[in-house]
Amino acid sequence: EVQLVGSGGGLVQAGGSLRLSCEGSGFTFDDYGIGWFRQAPGKEREGVALISSKDGNTYYTDSVKGRFTISSDNAKTTVYLEMNSLKPEDAAVYYCAASYSFRRFIATMAHEYDYWGQGTQVTVSS
């Protein structure tokens, strides 16, 4: 059974940090890219940070560049999202997802992802 288990969300003050984790199982981890997406109420789901498990290539949406870092520990089949200098506008449900399309390109759209985790809530207080 394919599973993606996201964790690490919580309540943090503006300017603080959180580290999200996404552990994958039931699929060939190295053949997929892993992305972190987020969705706030009334807004579209957007790709935040993406990484190719095979070669480590990364992508970040402009609003998080310089603040968030995505990394992969292939031995643990786990991808992390280190979030620093958090802002209230970062508050959302964060989902990790796996995309086989990474064999061809860095997938930035939600429809390009095959498997999804359950989501973890990130709340940022002022």
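## Exercises on an all-strand protein

In this structure, Ser 85 sits in the loop between E8 and E9. The model is a predicted one, and the exercises below walk through it from the loops to the overall form.

### Exercise 1: Two loop residues

**Task.** Find the sign of phi for Ser 85 and for Thr 77, and decide how exposed each residue is.

**Solution.**
- Step 1. Begin with the backbone of Ser 85: its phi is positive, about 50 degrees, although the residue is not a glycine.
- Step 2. Turn to Thr 77, in the loop between E7 and E8. Phi of Thr 77 is near 45 degrees, again a positive value in a residue other than glycine.
- Step 3. Why do such values deserve a second look? Most residues other than glycine have a negative phi.
- Step 4. For exposure, partly exposed covers the range between under 20% (buried) and over 50% (exposed). Ser 85 has a relative accessible area of 40%, so it is partly exposed. Thr 77 has 23%, so it is partly exposed as well.

### Exercise 2: The disulfide

**Task.** Work out how many disulfides the structure has, which residues they join and which hand they have.

**Solution.**
- Step 1. Searching the whole structure gives one disulfide.
- Step 2. The disulfide joins Cys 22 to Cys 96, with an S to S distance of 2.2 Å.
- Step 3. Now place the two ends: Cys 22 belongs to strand E3 (residues 18-25) and Cys 96 to strand E9 (residues 92-99). They are 74 residues apart, so the pair links distant parts of the chain.
- Step 4. The torsion about the S-S bond of Cys 22 and Cys 96 is about 70 degrees, so this disulfide is right-handed.
- Step 5. Finally, are these cysteines buried or exposed? Both Cys 22 and Cys 96 are buried.

### Exercise 3: A sheet of four strands

**Task.** Lay out the sheet that contains E3, and say which strands stand at its edges.

**Solution.**
- Step 1. The sheet is open and has four strands, in the order E1-E3-E8-E7 with antiparallel pairing.
- Step 2. The edges are strand E1 (3-7) and strand E7 (68-73). Each has a single partner strand, so one side of each is left without a neighbour in the sheet.
- Step 3. On average, neighbouring strands of this sheet are turned by 15 degrees against each other, direction ignored.
- Step 4. Zoom in on one pair: E3 and strand E8 (residues 78-83) run antiparallel and are joined by six bridges. One example is Glu 23, whose bridge partner in E8 is Thr 78.

### Exercise 4: Two residues and their surroundings

**Task.** Decide whether Arg 38 and Ser 53 are buried or exposed, and find their polar contacts.

**Solution.**
- Step 1. Arg 38 is part of strand E4 (residues 33-39). Buried means under 20%; Arg 38 has 6% relative accessibility, so it counts as buried.
- Step 2. The side chain of Arg 38 makes a polar contact of 2.9 Å with the side chain of Tyr 94, and another of 3.3 Å with that of Ser 63.
- Step 3. Leaving aside residues up to four places away in sequence, Arg 38 touches several others, including Glu 44, Glu 46, Phe 68 and Asp 90.
- Step 4. Ser 53 lies in the loop between strand E5 (46-52) and strand E6 (58-60). With 5% relative accessibility, Ser 53 is buried too.
- Step 5. A polar atom of the Ser 53 side chain is 3.0 Å from the backbone oxygen of Tyr 32. Beyond four places in sequence, the residues that Ser 53 touches include Phe 29, Ile 34 and Asn 74.

### Exercise 5: The whole protein

**Task.** Count the helices and strands, then test whether the radius of gyration agrees with that of a compact globule.

**Solution.**
- Step 1. There are zero helices and eleven strands.
- Step 2. For 126 residues, a compact globule would have a radius of gyration near 14 Å; the protein has 13 Å, so the two agree.
- Step 3. The C-alpha trace spans about 40 × 25 × 25 Å along its principal axes.
- Step 4. Of the 126 residues, 44% are buried.
- Step 5. Among contacts between residues at least 6 apart in sequence, 57% join residues at least 24 apart.

### Exercise 6: An exposed or buried histidine

**Task.** Locate His 111 and decide whether it is buried or exposed.

**Solution.**
- Step 1. His 111 is in the loop between E9 and strand E10 (115-116).
- Step 2. Exposed means over 50%; at 66% relative accessibility, His 111 counts as exposed.
- Step 3. The C-alpha atoms of His 111 and Ser 7 are separated by 22 Å, and the two residues are 104 residues apart along the chain.

Notes
Residues numbered from 1 in each chain as written. Predicted model: local features only at pLDDT ≥ 70, side-chain atom pairs only at ≥ 80, totals over all residues. Heavy atoms only, no water. Buried < 20%, exposed > 50% of the residue type's maximum accessible area, 1.4 Å probe, protein only. Polar contact = N/O pair within 3.5 Å; in protein donor to acceptor, adjacent residues only side chain to side chain. Contact = heavy atoms within 4.5 Å. Disulfide = S-S within 2.5 Å. Pairing = 2+ DSSP bridges. Axes fitted to C-alpha atoms, helices over the stretch in contact; angles between N-to-C directions. Rg over C-alpha atoms; globule rule 2.2 N^0.38 Å.
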